[in-house]
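Q: I'd like to go through the sheets in this one, strand by strand. Can you walk me through it?

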Amino acid sequence: MRTRPLAKLAAIGLVGALALTGCGSSDKKSDGGLSNSGGSKSSDSYTIAFQGPLSGDNQQLGINEVNGAQLAIDQANKSGDLGFKLKLLKADDIGDQSKAPAAAAQVLQDSTVVGVIGPAFSGPTKAVAKTYGDANMGLISPSATNPDLTSQGFTTFHRVVPADNIEGVQAADWLAKKAKKVFVIDDLSEYGKGAADVVRAQLKKDNIAVVSEGVDQKTDDYGPIATQVAQSGAQAMFYGGYDAQAGKLAKALKSANFTGIAMGGNGVKSSVFEKGAGAAGDGWYFSCGCLDAVTAPGAKDFTTAYKTAFNADPSTYSPEAYDATNAMIEAIKTAKKDGSVTRESVAKAITGLDYKGITTTIKFQANGELEEASQVINLFKQAGGKISVVGDIREQN
Amino acid sequence: MKRESELSVQLKRLGGCLALGFVLALMVGKHEGSQRDYGFAFRQAVFAPRIFVFLGIGVLIYLLIIFWPRVTPYLQRPGVRPLAAGALTVVAADALLRWTDSGQIEGGKLGAMSKAAADTGSLDFLTRAFFGSIVPGTPWILLAVVALLAAAAIVLDRGTLAWSAAALAVLVGLWGFYAQASVRSFLGAPDHSTGALASLLGYLTIACSAVVVARSDAEHADTRGFVDRLFSWRPGLPLVVLGFVTGLISLLVATWFSPSNAVDKVYDLGSRFAGSGVSALTTAYVSWLVYALFVACVAVAGAATYLRHKALGWVAIVLGTVSVILTLVVLHDFTAVAAAAGFDGASKPWKNLGVGGWLLCASFTMLAGAGWIAATHKRADDVVAADLVAGDSDHLATTSANFNKVLLFVVIAGALFYPPMATPFWQSVLVSQIGIYVLLAIGLNVVVGWAGLLDLGFIAFYAIGSYTTAYLVGALPVKPPEWLILPPLAAIPFAIVICLLAGVTLGAPTLRLRGDYLAIVTLGFGEIIRIAANNNPHGFTNGPRGAINIPHPSIDLGFFKFQWGLEALPYWYLLLVLICVIVLLFTRLENSRLGRSWAAIREDEVAAQATGINTTRVKLLAFAIGASTSGVAGVFFASQVGVISPDNFLLNNSILVVAYVVFGGMGSLPGAMAGAAVLTWLPEFLKDQVPAEDRQMWIGAVILLMMIFRPAGLIPAKRRKAELSGLEKPASAETTAVPAGEGM
Amino acid sequence: MQDFLNFLVLGLTRGSMYALIALGYTLVYGVLQLINFAHSEVFMSGAFGSYLVVNLVAGDTFLPWYGVIGVLLLGMVSGGIVGAIVAYGLERVAYRPLRRRGAPKLAFLISAIGMSFFLSQLAGKMFNRQKNNFFPEYFDANKRIIEVNGVHVTLLQVIIIGSALAMMLFLDQLVSQTKLGRSIRGVAEDAPTAALMGIDIDRTIARTFIIGGALGGAAGFLFGTAFGFFNTMGFIPGVKAFAAAVLGGIGNIRGAMLGGLLLGVVEALVPSAPWGTSQSWIGLQWTDVVAFVVLVLVLVFRPSGILGERLGRAA
């Protein structure tokens, strides 16, 4: 009986707090008056939407990307030579195709949105790319790597990362030069298994013995798999998965005394791996369809700016999202120069882009993939706790 | 047991309240933790002046608890509850809801809109004044004035004060509504925002409370009795009033048609479509027929309910139904003409509609519903006679039955005609979140709520249903034989059969297990199914990539063809049909022999067995029936989204469905549906309120609060309610204190 | 053979961690007959809490052996304290009000789930949502203590298994020998009668939560040292430990220990068989399936776990 009033009061307190947040968040200064012509045609403010997982199990990847996009937009707004203002709309799809249509609807119903960064994951992309295509909304995905995506007839889909298969084939060819027996591990995720399967197939084609295992990416204890790798007598190990888990694997491998070559893909090469694996990550190789963060122009500035803005290290796909957003801004600029900024004109401008970003040169083929020339796979290596480029993977021995 | 001293009790309480304030400070705000500095977010949240606001909230709550005994007498006065409800509604409307959908105003909430509108010179004075061109924060000041006036009227018990509060509340409510409407017509774009409407409703509730204060001389409020009297005076009449108000809004202020840059009311349509080739019916409809129909429906339904005339009731049903059909025909006709003629922005039939037409349809539906209540109502004398025989508790049952009937028709009208009014985003949420999970919750309710078997792997059946569909339509790497490839909807019976079998397969080895043992085994089963799908044995499931390109459903009956596509709305009606069929079947089931057997094994398995119930069979049936419902949901899901992968069937989803069922009220069908609807709606609503990353945290808090303060759920099952409170006191289910240890 | 033994050591390490967490489930189940679903978050809080303390004290420096022991004790104690506080708060907020209202059993489960969502996401908001937080490397975790014929046991493994065993023995003694233990057993056996005998039930339940929370928090520290920690780290070990508790017979302390060790060993051994150089027969991607299949098989033959239920009887 005694707790009943407490109950009601707590509820009231909560509502009050909610009201406070409402007030707090509504304090943002708006740009003065309204205009009554409707739509985005006359106003000089455009919105770029981001669609990706901001909550749920995969939220960290989405946060990495949305931060990259946010940074690009903030920098563009600050630079002062845009001639218009940019806003970012965050549409959370939880990385889940069943929630993607709602996120897409949220993006499409905002008439100021002229382009989308995303969808971040392949499943949601498959679910909504056609809807976006019907609305002439240009898409640039920083991370949807499923090879099937560009053969589905999605008219406005583009991506700034190479599909799993290209990266995997070249990584496998390189491994084939180094080892007679390769242990290939995937993290059972769509990206990781996709990449690892390509490596396995190519290694078998190169007549290399392959041992395969899959370890769920939610696993914390990589002891058994590391021991298995060490005992298998394989001279090399390839991991298809993401950076945080690869860091744990690296530690476990060291603990199990594995002395062969360890290698990861695009998803592993990040400062999160450097930090997570620490000294255990030294000697790891990475294949990545990206430029070197040290030598590429602007990349160093990006890392510094990112750290300042979000108090965190840029992680998997942050640079890609940054590039994709800058490319989108470039497309909006082009559209503006050629006339009016609409979804159609921006989508058209994307197809004609030629933008040099910090990870790659962004120039799209008709199907939405990057030009072959931009799809150079580089080999990276960690030494002394830092990842640096070795060179084009096809030219390495 | 030691007695604690009064001081230490008070200190503990204060500490608890301050802790609550502290936790709120951590929860509210945009701060986000960082790996480079673990104390970063904490410092932002706590080492800032804002902490005093939150601690202040804590102290305030503490003070309220202290002074609660002094406040309670006032709280029981008539008018307090509606005042609180109204004021909270207005607060929610002003702080949380969107006031406009226009992209020009970021977030679209009142605060942002006020700033923009107050600076816009071309709006009229009254509008700008409401949005704070004279005094910033006008809406909040107005609310405070109205609420304080009403509160003063309650405390001082002065009639004049009360009447003036009522008048002021109505005026302020209308003022806000008007201001928003004028901004809306200024912006000239279709709008689906609900803030202004909710605020108006809140103010009207406050006004009602003030009227109650002025009129009532009772010392204690008797809300329940009041509602009962209101709804049983002329059964169905409240529905007529609702229908009338809805219709008025539709005809006078709502937008009917809005290609780009235009918002046509129904009376504008005549001139817009003059000579553009619309049918004679449409011309007649927009010029006079619509008003005639509306007046006729209101008159007939009103007369039928007021006079309790059965024949008139049937007339109202027919009239209402015909009006709905006519309205739909007209809506289709003029949108089709507009699309063909290429009015700017008009794209397809059924497109570019405002809310007006649908609102009127809802109004007609409610009026027809009122007719139905009048037509099927037992004569009042009979009811009174029955009361005399059956005693007081039955009387209660009839009156709340009146209320439930009204509610039923409001729900029907809403389910049919709310979705087309909603934005595409909410349509999509309705279909792919709310609808699907309602279906799943209905299925799980059989297992958990009725049979009392805790199933933490329910999502596995959903997965099985989805993968069955994917296989049968040929979207998996392993194709079925050519003759078996089916369209998606035809997969339903197969999915049901396979899920039935899977349910029995899971059930059979686990029948001996009880309670938590069953929970972990079902959990394991769910994980096994997901992992198997992910690991792709024999290349059957395509692994984590899942099945892509599952075709959308279609119906071809020869005379009627329909192909579902990418748009969400048509799926809603398919889903509605599925849900209705299943709910009808299950309501029959609940009170059948089988349903009673489930209740028996839930309460006491040994006793149930002793009375001759075949517990094995009954349990297996519960698993199988629940599973098959889930299978139907799976078929729908697979063919709606078109892409499935093992990641859709995580353990977390299983746990969530259990949470939905218990949140709604275990064992109660409407409860399970309401629970699923509320908890799937909530995250989407929270998206506009808190950072997207924090939504789960708030949902966790809401679930926790709900279980603390209303452990039986939103809509407790009657049977459960009786267990909790004892049969003789149906109203006080929450307050019964059970000694520690006995509740389990 | 040495390969097999290596995997066995890995399994024992994993299993002793499961066992420590499982004790929390089983203790609460004993007194309340409820699954404390939020126990995984107690575990997570212990990891974060001990990290904050250890990072403050040890920093990024390599410590001498006595320093290592000191830090380990500090970590376990601080993790245990944080875990105990969170568990106590959990009992007060998510369980006691429901008990007072005589809520149905499932309501407790759901309030615990709500609490679990809330705590893990709040921790994410407060600290971060990355999945790679690591303790400072204050000792060489890979140092091999025992190495015979290719079978090796690292320092970290020794620490984990050793401290887990010590804590389990301590708990076993606590429950069977002390007055507090008697009251816990009393409440587990028959709460109303225990109340008549003068045992304060609310207080006993709160203390049970505190003990379970302390063990969970210390386990959080050990787990964090070995595998890193993050805001949703509790979920998977929580589910596994729950399975382990059921496997051994929920409500039974020795059962939880046995179940935890058994589950850990099965998970490490079975999917990696034949432990040699060739491709494994089952494959690590089936690890969880193997664990659950073993659980189901055991339960089919012994429906109330290996050692049977009841805290009162078996401990």
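Q: What is the strand order in the open sheet of seven strands, and how is it paired?

A: This is a predicted model, in which local features need pLDDT of at least 70, side-chain atom pairs count only at pLDDT 80 or more, and totals for chains, interfaces and linings use all residues. Residues are numbered from 1 along each chain as its sequence is written, and chains are lettered from A and ligands numbered from 1 in the order in which they are written. The order is β7-β6-β8-β9-β10-β13-β14 in chain A, with mixed pairing; strands (E, at least two residues) and helices (H or I, at least four) are DSSP runs numbered from the N terminus, and two strands pair if DSSP finds at least two bridges between them.

Q: Which strands are at its edges?

A: β7 (209–214) and β14 (386–392) of chain A, each of which pairs on one side only.

Q: And how do β6 and β8 of chain A run?

A: They run parallel, with five bridges joining β6 (residues 181–186) to β8 (residues 236–240) of chain A, and A:D186 stands opposite A:G240 in β8(A).

Q: Which strands does helix α6 of chain A touch?

A: Helix α6 (residues 190–205) packs on the sheet against β6, β7 and β8 of chain A, where contact means C-beta atoms, placed from the backbone, within 7 Å. Its direction makes about 160 degrees with that of β6(A), taking axes as lines fitted to C-alpha atoms, for helices over the stretch in contact, with angles from 0 to 180 degrees between N-to-C directions.

Q: Switching to the five strands, what's the order there?

A: They form an open sheet, β2-β1-β3-β4-β5 in chain A, and the pairing is parallel.

Key. Contact = placed C-beta atoms within 7 Å.
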